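This report is for a reader meeting the structure for the first time. Please look at the sequence and the model before reading on.

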Amino acid sequence: MKTNGIFSFARAVFFAAIVATQGSAGTTDATEPPVLEVTGGQLLDQPVSLGVQDLRDIAVRNIITSTIWTDGINEFSGVPLYALLQHLDVTGSTIEAIALNDYSVFIPISDAREGGPIVAFAIDGQPIPRREKGPLWIIYPFDQSPEFRTETVYSRSIWQLNRLNIIE
């Protein structure tokens with residue numbers, strides 16, 4: 001009788017250890033840290049924070065292109081800017097894109113269209129490290145059209161992006 005009690009206790013400890021290990025291994029519904037905050041538009045008082053998986057869940061588009069900042073041709077994966085704005089149901093005239101170091105650029109809302117830029121979260125299938133212009137980088141399909149190969153468009157390709165402010 002005493003032996004059964006020890007085995008029951010050991011079995012309970014074993015299962016508790018499995019549950020604890022699964023939680024630390026990421027197999028539970030642990031939330032990921034946000035990488036992008038969106039404010040403005042109809043969101044004025046309610047910023048929206050999104051993680052990479054949230055961005056993936058909206059839509060994913062790949063752009064294969066060269067850039068003036070990287071060597072060769074790379075495949076960038078990210079959420080199309082227009083799809084992100086549609087998903088959040090925000091409108092405005094201008095997007096203020098802000099980097100981790102508070103550097104900012106202004107992008108006309110008209111750039112957020114099909115075939116336009118993406119908010120890239122991966123390059124060649126790998127997350128973009130902070131030291132390599134990540135975690136997010138606005139990428140235009142530079143090689144698809146001369147309209148994307150201008151100083152103005154290059155200046156809108158902000159890296160280390162972490163905030164978008166939609167201006168009415």
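Which residue of strand 2 stands opposite V38? The residue opposite V38 is V48. The model is predicted, with local features needing pLDDT of at least 70 and side-chain atom pairs counting only at pLDDT 80 or more, while totals for chains, interfaces and linings use all residues. Residues are numbered from 1 along each chain as its sequence is written, and side-chain values use heavy atoms, with hydrogens and water left out.

**The five-stranded sheet**

Helices (H or I, at least four residues) and strands (E, at least two) are DSSP runs, numbered from the N terminus. Two strands pair if DSSP finds at least two bridges between them. Strand 1 (residues 36–40) and strand 2 run antiparallel and are joined by three bridges. Both belong to an open sheet of five strands in the order 2-1-10-5-6, where the pairing is mixed. At its edges are strand 2 (48–50) and strand 6 (104–108), each of which pairs on one side only. On average, neighbouring strands of this sheet are turned by 20° against each other, direction ignored; the axes behind such angles are lines fitted to C-alpha atoms, for helices over the stretch in contact, and angles run from 0 to 180 degrees between N-to-C directions.

**A hairpin**

Strand 3 (residues 61–66) and strand 4 (residues 73–80) run antiparallel, with six bridges between them. The two form a hairpin with six residues in between, and G72 in the turn has a positive phi of about 70°. N62 of strand 3 faces S77 in strand 4. R61, I63 and T65 make up the covered face of strand 3, and N62, I64 and S66 the uncovered one. In a regular strand the side chains alternate between the two faces of the sheet.

**Core and helices**

Buried means under 20% relative accessible area, exposed over 50%, and partly exposed in between (1.4 Å probe, protein chains only). A nonpolar core is a set of buried Ala, Val, Leu, Ile, Met, Phe, Trp, Tyr and Cys residues joined through side-chain atoms within 4.5 Å. The largest one has 41 residues, of which L36, L55, L84, L161 and L164 touch the most other members. Strand 7 (residues 118–123) supplies the largest share of this core, six residues.

Contact means heavy atoms within 4.5 Å. Not counting residues up to four places away in sequence, L161 touches several residues, including V35, L36, V119 and P135. In helix 3 (residues 81–88), the buried residues include L81, L84 and L88. D89, just after helix 3, takes a positive phi of about 55°.

V52 is found in helix 2 (residues 52–58). With the same sequence limit of four places, V52 touches E32, V35 and F121. The C-alpha atoms of V52 and P135 are separated by 8.9 Å, although the two are 83 residues apart along the chain.

**Aromatic rings**

Rings of Phe, Tyr and Trp (its six-membered ring) pair if their centres lie within 6.5 Å; planes under 30 degrees apart count as stacked, over 60 as edge-to-face and the rest as tilted. The structure holds nine such pairs. In one of them, the rings of Y140 and F142 have centres 6.3 Å apart and planes at 40°, so this pair is tilted. Ring pairs link these two with W69, F76, W137, F148, Y154 and W159 into a cluster.

The accessibility of three residues is listed here.

| Residue | Relative accessibility | Class |
|---|---|---|
| Y140 | 1% | buried |
| F142 | 1% | buried |
| V52 | 22% | partly exposed |
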